[in-house]
Amino acid sequence: MLQRKFSHVLDGVLWNTVVLPDENVLLLEVRDHARKQVTFSALHYGEDRFLWHHKSLEEPWWVALADAAGGIVLFTLYIDTNNPDRKGMLAYALADLQLLWWHNDFTLAKRQGDCLYGFSSGVGSKPLVLALHSGKEIPPPHEAAPLPDVVLRPQQYGDGTEYFRTVAKFLRETLNLSVVLSLEYVEYNGKIFIAYYTQEQSLVSHLAVWTDAGELLLQEKTGEHLKGIGQDTFFILSGCLFFVKNKHELLSYFL
């Protein structure tokens, strides 16, 4: 059986995560839809401690995690709630969540190194490149090759694909169950990871882990009464498995 590393129950729905592998930090965006409040936390996943926890920004709801790098956390700010295309960018220090800079007309498309590529939505759509540490507009540099992702995420397969049928047959034979709609699959370090859905009284999500010799190491029901399927429902980082259970609980297991 897998050994649990940690479990954190959150005060809302874990909506989004951003990984900073160089700092061993996992950023969490947690939304409380009843109160229309979003809070953010920075979890040092190597030491299982929060750098900061359950923090709100000046804008209580219309703001979201965008990216992070180099000790800076980037947030998308929705300038006009009636027009989701109008966005700004806020940059905060990872260490203490102090505001470093902001840009009131910038939509982030991607980050590459210390360059933020995006566009303004003022008059027309003008491409912009901002410097990560200052927020100032800079000339477009020659793009470097992207760095490999240190986060291992599963591949998703929909019902009707050959791979779905193959894995569904394996689940039927090993766990005596019938899976529906979609599944996610990845292999890592001699282990097989499968996230799948069953139709019971409602749509239910599960996650199971086996050794490549067929020994079941983990079987978790991760959600019930679901309205649809998810994507990237788990990931592997620094030799550990990370996933969310019942939308509110972040779990990690040693691999």
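Asp-48 sits in the loop between strand 4 and strand 5, a good place to start exploring this predicted model. Its phi angle is near 50 degrees, a positive value in a residue other than glycine. Asp-48 is partly exposed, with a relative accessible area of 32%. On either side of this loop, the two strands run antiparallel and are joined by 4 bridges. Follow the pairing and you will find His-44 standing opposite Arg-49 in strand 5.

Strand 5 also holds His-54, whose phi is near 55 degrees, again a positive value in a residue other than glycine. His-54 is partly exposed, with a relative accessible area of 35%.

Now let us step back to the sheet around these residues. Strands 2, 3, 4 and 5 form an open sheet of 4 strands in the order 2-3-4-5, with antiparallel pairing. Strand 2 and strand 5 (49–55) stand at the edges; each has a single partner strand, so one side of each is left without a neighbour in the sheet. From one strand to the next, the twist averages 15 degrees.

Within this sheet, strand 3 (residues 25–32) is home to Glu-29. Is Glu-29 buried or exposed? Glu-29 is buried, with a relative accessible area of 1%, which falls under the 20% cut-off for that word. Its side chain makes a polar contact with the side chain of Arg-31 at 2.8 Å, and it also reaches the backbone nitrogen of Leu-65 at 2.9 Å. Leaving aside residues up to four places away in sequence, Glu-29 touches several others, including Val-13, Leu-14, Trp-15, Val-38, Phe-40 and Val-63.

Next, look for the enclosed space in the model. The structure holds 1 cavity of 30 Å³ or more, and the largest cavity contains about 40 Å³ of space. Which residues line the largest cavity? They are Asp-11, Val-30, Asp-32, Arg-35, Gln-37, Thr-39 and His-54. The elements giving two or more residues to this lining are strand 3 and strand 4 (37–44).

Further along the chain comes another sheet. This open sheet has 5 strands in the order 13-14-15-16-17, with antiparallel pairing. Strand 13 (155–158) and strand 17 (216–226) are at the edges with a single partner strand each, so one side of each is left without a neighbour in the sheet. Here the twist averages 20 degrees from one strand to the next. Inside the sheet, strand 14 (residues 182–188) and strand 15 (residues 191–199) pair in the antiparallel sense over 6 bridges, and Glu-187 stands opposite Ile-192 in strand 15. Helix 1 (residues 162–175) lies across strand 13, strand 14, strand 15, strand 16 (203–211) and strand 17, and runs at about 85 degrees to strand 14.

Our last stop is the largest pocket, where about 900 Å³ of space lies. Of the 31 residues lining this pocket, the closest to its centre are Leu-14, Gly-230, Thr-233, Val-244 and Lys-247. Which elements give two or more residues to the lining of the largest pocket? They are strand 2 (13–20), strand 15, strand 16, strand 17, strand 18 (234–237) and strand 19 (240–245). Two names here are ones you have already met: Leu-14 is among the residues that Glu-29 touches, and strand 2 stands at an edge of the sheet with the order 2-3-4-5.

Terms used:
Residues are numbered from 1 along each chain as its sequence is written. This is a predicted model: local features need pLDDT of at least 70, side-chain atom pairs count only at pLDDT 80 or more; totals for chains, interfaces and linings use all residues. Side-chain values use heavy atoms; hydrogens and water are left out. Buried means under 20% relative accessible area, exposed over 50%, partly exposed in between (1.4 Å probe, protein chains only). A polar contact is a pair of N or O atoms within 3.5 Å; within protein, one must be able to donate a hydrogen and the other to accept it, and residues adjacent in sequence count only if both atoms are side-chain atoms. Contact means heavy atoms within 4.5 Å. Two strands pair if DSSP finds at least two bridges between them. Axes are lines fitted to C-alpha atoms, for helices over the stretch in contact, and angles run from 0 to 180 degrees between N-to-C directions. On a 1 Å grid over the protein atoms alone, a cavity is a set of points where a 1.4 Å probe fits but cannot get out, and a pocket is an open set with protein on both sides within 12 Å along at least five of seven lines; lining residues have an atom within 4 Å of a point. Grid points are joined across faces, edges and corners, and a volume is the space filled by probe spheres set on the points.
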